[in-house]
Amino acid sequence: MAKMHKHRLLFAKTGRACYISHLDLMRTFPRAFLRAGIDVKQTEGFNQHSFVSIALPLSLGYSSVCEILEFELVGDTPLCEVPARMNAVLPEGIRVLDCYEAQVPVKQIAALRWVCRAQFDGGVPAGAGEQFLALFDTDALVIQKPSKKAKKGFTELDLIPLIHSLSLEERGSALELTAVLAAQNPGLNPELLFSTARERCPLFRPDFVEFHREEVLNANFEVFR
Amino acid sequence: MDPRLNRILPRVQKPARYTGGEYREIQKDKRQVDLRFALCFPDNYEIGMSNLGVRILYGVMNNMDGVWCERCFAPWPDMEAEMRQAGIPLYGLESGDPIGTFDFIGFSLGYEMAYTNVLNMLDLAGLPVRAAERGEDAPIVVAGGTCAYNGEPLADFVDIFSLGEGEDVTVEMLELYRKGRQLGWSKAEYLRHAAQIQGLYVPSLYDVTYHEDGTVSAIVPRDGAPEVITKRIVQELDDAYFPTDTIIPSTEIVHDRVMLELFRGCIRGCRFCQAGFCYRPVRPKSREVLVQQGIEACRSSGYQEMTLSSLSSSDYRQLEPLCDELLDYCGEKNINLNLPSLRADGFSMGIMEKLQRSRKSSITFAPEAGTQRLRDAINKNVTEDDLLQSCRTVFEGGCNAVKLYFMLGLPTETDEDVVGIAELANKVYLTWRQYAVSRARGIRITVSTSFFVPKPFTHFQWEAQISMEEYQRRVQLLRSSITNKSIIYNWHDPDTSFLEAVFARGDRRLGPVIEHAWRSGAKFDSWSEYFNLDRWMEAFGACGVDPLFYTARERPYEEVLPWSHISVGVRPAYFWRERNQAYQSVITPDCRVKCMGCGADRLLACGVCDAPLTRREREEAQANG
Ligand code: SF4
Ligand code: SF4
């Protein structure tokens, strides 16, 4: 394993930037560092570029206010100047919120808090929320997850141990789910909650779901930085 | 952004193509904007954003007060289907507003196979595709780019063709529009006035009549439109806008790097090359300006790659000192400097060795023809010696892959020329055997052939294209002549080149064919997964047009060509003279060795092509005594 990067950026990815893929983001940041005139440790080899890594890639289309990018400053740019200088040269919707020295490795990220907005164009059907919560109020819920690696074409996954908490609130014609889910090894993409619910809850058929990553947490469910 | 897009975008491939919001996208306050322009590229985002012309015009227009120029690319068919289903019209990436409400829609036409996308984009914008059916309130539809020089096949759909370099004429066109609005002109009145601006061609002001045999009998202007429309050029490139502060896409595009244009035009005069003649005369930029712009473009983009892009970059007079100065900066910042379009000569090889920071494993040359006789006929001044010497240089440097590009079907080509390609490739192989630093890794020589398309405004504009069957026969002949296992042969399918040959020298009777093909589903024709020749043949049949009339027929000098009323500055008599030289296999010296009086110098205010010093350099030299 590579040793820990020295510095981190906490950044938000919202609005039109939600559709920038993880790979594209990995190209965007090195260029932005150069535009901002911030010297960053480079990769080795022929095509050198800033050595950055982004913890827990976000799915395309999701928004987030708690993305973590690891890198290493090599120049004498004060950390406090980094957010403003980067924000001046980043695409719309990518905003650096903080820049700081890393304390604990990102592998200690244990959970993520998500806010997911399930939109029902015809209004929320009575009982839909209850049905959703009841589905996950059980000791085990094994689903088949498509997998290219597995011989059968899918793997089995019990969702319950990966769900730390769920709460629902009705807002107009939408149900807003706040969920704390396992972050890695394995992590749980909130989309799986909705696809499972769509299959198993007759009342729960939202027309569209928006996913938002709200906070990164450690094993004690404290904010991770 | 239209909120409905949030539901669609997660489902389509590469959604970042459709969002805008990139760094340096131009946003303007609509209250301060009185003229809105949709700059459209009839292919996908990745290709359109790689086009330097689009970036230049975007900058030029947005630098005008009150003008907001937005970008628009052809949505990939998955996105198109979603947009049509949801009833979302084509929108500008910057504002998300439907472009059907803008004042202008401008297309950049780089290749004929994009024509159906032009119609498709107009339709997606909610507009009738035919200019005559668009009302007073509909945007003015403009088209520029290489294909606009013979835009006749699109004459039914386009209001104005902009010929040549758009930096100045676009500004004049928009200013005239404002004036017309103040004076309450109708669209027709505006178009009549626009036709008086040099470089703007309004096809509806010209009546085209035909002989019984289908050839054009006359092209007659109306309402005071000029008899000949001459293209525009930028007089002093040093002073022209260059996009050092351009949009940086958030998703990977085809040319994801700084493109530094060293000069416009080409001194060479290869007889098949449309770009070579359409961009005459050569106008260089000062070295000092280039260094400054190159550095600024890298600094402000964060790109770590820069390409020196011009038609034949090694012809830039001060290439070596330019590269040295750029390398001073690039080396320090870990920026790779590339020089594509390499000539096979010692000078170019020297520069290349200097540029590359590590051993180059592969190199590309385009001798275009297999024998010296044919290379002389097409005026491609590359000798076998040059080529083999260049190969020797790169083999000695450890290179073990060579790509060689040729055309099949060039005028005067014989079987001997076809077999000559195999022989030349074999000589490259033998050169490798003799000079390779190590033969352990083997060599890969790739020979590629394309199907020659005669283009307007070249010496070969009167020639017939060989038939697809004959092309296939020559392909097979070449295939059977290549026996060496280290030589790989790739050839292009002839289908698209055949269609290209129809449209490149087409006339207005092709408009209905394009419309018919588009209505039966043609789009993205330059993409093999969407191209379907049968659909096109069906469209020709339905419209009673014979494609062979355009491809298989050699034209006599006296014939009125569909583009006879357009001038790129080069005299038709010069083209004809050079065509006859081709038949004698007589080469013509390049513009630096001897001016052949093609006529392009008349476009220049100073009257001197390819001046050894730019105005800026002359002034500096004077100031320094
Ligand atoms: S060198 Fe020949 S092929 Fe290349 S741009 Fe010039 S004229 Fe065209
Ligand atoms: S006028 Fe002479 S120098 Fe100028 S482009 Fe024509 S041939 Fe070349």
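**Exercise 1.** Find out which residues lie nearest the centre of the second largest pocket in this predicted model, and which elements line the pocket.

*Solution.* Start at the centre: of the 28 lining residues, A:Gly61, A:Phe208, A:Val209, A:Glu210 and B:Pro10 lie nearest to it. Next, look at the elements. Strand 5 (111–119), helix 4 (190–200) and strand 10 (208–217) of chain A, along with helix 1 (5–8) of chain B, each give at least two residues to the lining. Strand 10 of chain A has the largest share, with five residues. Now sort the lining by character: 13 residues are nonpolar, seven polar and eight charged. Finally, the space inside comes to about 580 Å³.

**Exercise 2.** Work out the strand order of the open four-stranded sheet in chain B, and find the helices that pack on it.

*Solution.* Read the order first: 15-16-17-18, with parallel pairing. Strand 15 (363–368) and strand 18 (487–491) of chain B are the edges, each pairing on one side only. On average, neighbouring strands are turned by 20° against each other, direction ignored. Then zoom in on strands 15 and 16 of chain B, which pair over four bridges; here B:Glu368 has B:Phe406 as its bridge partner. Now add the helices. Helix 13 (residues 384–396) of chain B touches strands 15 and 16, and its direction makes about 175° with that of strand 15. Helix 14 (residues 415–435) of chain B touches strands 15, 16, 17 and 18, at about 170° to the direction of strand 16.

**Exercise 3.** Describe the shell around ligand 2.

*Solution.* Look for the cysteines: B:Cys591, B:Cys595, B:Cys598 and B:Cys609 are among the surrounding residues. Then add B:Arg280, B:Met596, B:Gly597, B:Gly599 and B:Asp601. Sorted by character, the shell has five nonpolar, two polar and two charged residues.

Methods. Residues are numbered from 1 along each chain as its sequence is written. Chains are lettered from A and ligands numbered from 1 in the order in which they are written. This is a predicted model: local features need pLDDT of at least 70, side-chain atom pairs count only at pLDDT 80 or more; totals for chains, interfaces and linings use all residues. Side-chain values use heavy atoms; hydrogens and water are left out. Two strands pair if DSSP finds at least two bridges between them. Axes are lines fitted to C-alpha atoms, for helices over the stretch in contact, and angles run from 0 to 180 degrees between N-to-C directions. Contact means heavy atoms within 4.5 Å. A residue is near a molecule or strand if one of its heavy atoms lies within 4 Å of it. Ala, Val, Leu, Ile, Met, Phe, Trp, Tyr, Cys and Pro count as nonpolar, Asp, Glu, Lys and Arg as charged, and the others, Gly among them, as polar. On a 1 Å grid over the protein atoms alone, a cavity is a set of points where a 1.4 Å probe fits but cannot get out, and a pocket is an open set with protein on both sides within 12 Å along at least five of seven lines; lining residues have an atom within 4 Å of a point. Grid points are joined across faces, edges and corners, and a volume is the space filled by probe spheres set on the points.
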